[in-house]
Amino acid sequence: MSCTAMAVRPVGFPARPASYAQGHAFKKQTWEAVANFEAFDRDSDPYGEHDFGLLEVDGRKLYFKIDYYGLDLASASDDPADRRRTNRVLTIMLAEEY
């Protein structure tokens, strides 16, 4: 399942100096790479949740993570499968920023 099929609401790139400075073309490539990512395996996705990935864009390694918050965006969702009660937040960062 691709990230777009999960109805993730992107909130933008984090204000980290290295990822923020990459420019519009890099960010667009990254969104497309995350949306089409399907290389989940047992090591990076042991529970089959498809909420974490490592990918490469323009020679740069990136991580993405999807977290499941309640509607208040302050606490975890009590039912991540229920879209009416869950906000999915996508975080993308350069691996060097971790």
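## Sheet and aromatic cluster in a predicted model

The chain has a mean pLDDT of 82, and 80% of its residues reach 70 or more. This is a predicted model. Confidence varies along the chain. Among the elements, strand β1 has the highest mean pLDDT, 92, and helix α1 (residues 17-20) the lowest, 64. Over residues 1-5 the pLDDT is below 50. That stretch still has 14 contacts in the model beyond near neighbours in sequence.

**The sheet**

Three strands make up an open sheet. Their order is β1-β2-β3, and the pairing is antiparallel. β1 and β3 stand at the edges with a single partner strand each, so one side of each lacks a neighbour in the sheet. On average, neighbouring strands are turned by 25° against each other, direction ignored. Strands of a sheet pair through backbone hydrogen bonds, either parallel or antiparallel.

The strands have these residue ranges:

| Strand | Residues |
|---|---|
| β1 | 52-57 |
| β2 | 60-69 |
| β3 | 87-94 |

**The β1-β2 hairpin**

β1 and β2 form a hairpin with two residues between them. D58 lies in the turn and has a positive phi of about 50°. The two strands run antiparallel and are joined by six bridges. Which residue of β2 is the bridge partner of V57? The partner is R60. Further along, L54 of β1 stands opposite Y63 in β2.

In a regular strand the side chains alternate between the two faces of the sheet. β1 has one covered face and one uncovered face. G53, L55 and V57 belong to the covered face. F52, L54 and E56 belong to the uncovered one. V57, the partner of R60, is thus listed on the covered face. L54, opposite Y63, is on the uncovered face.

**The aromatic residues**

The structure holds three aromatic pairs. One of them joins F37 and F40. A pair of aromatic rings is described by the distance of the centres and the angle of the planes. For F37 and F40, the centres are 4.9 Å apart and the planes make an angle of 85°. The pair is edge-to-face. Are these two residues buried or exposed? Both F37 and F40 are buried. Together with F64, they form one aromatic cluster. F64 falls within the range of β2, residues 60-69.

Note on methods. Residues are numbered from 1 along each chain as its sequence is written. Side-chain values use heavy atoms; hydrogens and water are left out. Two strands pair if DSSP finds at least two bridges between them. Helices (H or I, at least four residues) and strands (E, at least two) are DSSP runs, numbered from the N terminus. Axes are lines fitted to C-alpha atoms, for helices over the stretch in contact, and angles run from 0 to 180 degrees between N-to-C directions. Rings of Phe, Tyr and Trp (its six-membered ring) pair if their centres lie within 6.5 Å; planes under 30 degrees apart count as stacked, over 60 as edge-to-face and the rest as tilted. Buried means under 20% relative accessible area, exposed over 50%, partly exposed in between (1.4 Å probe, protein chains only). pLDDT is the predictor's confidence in each residue, from 0 to 100. Contact means heavy atoms within 4.5 Å.
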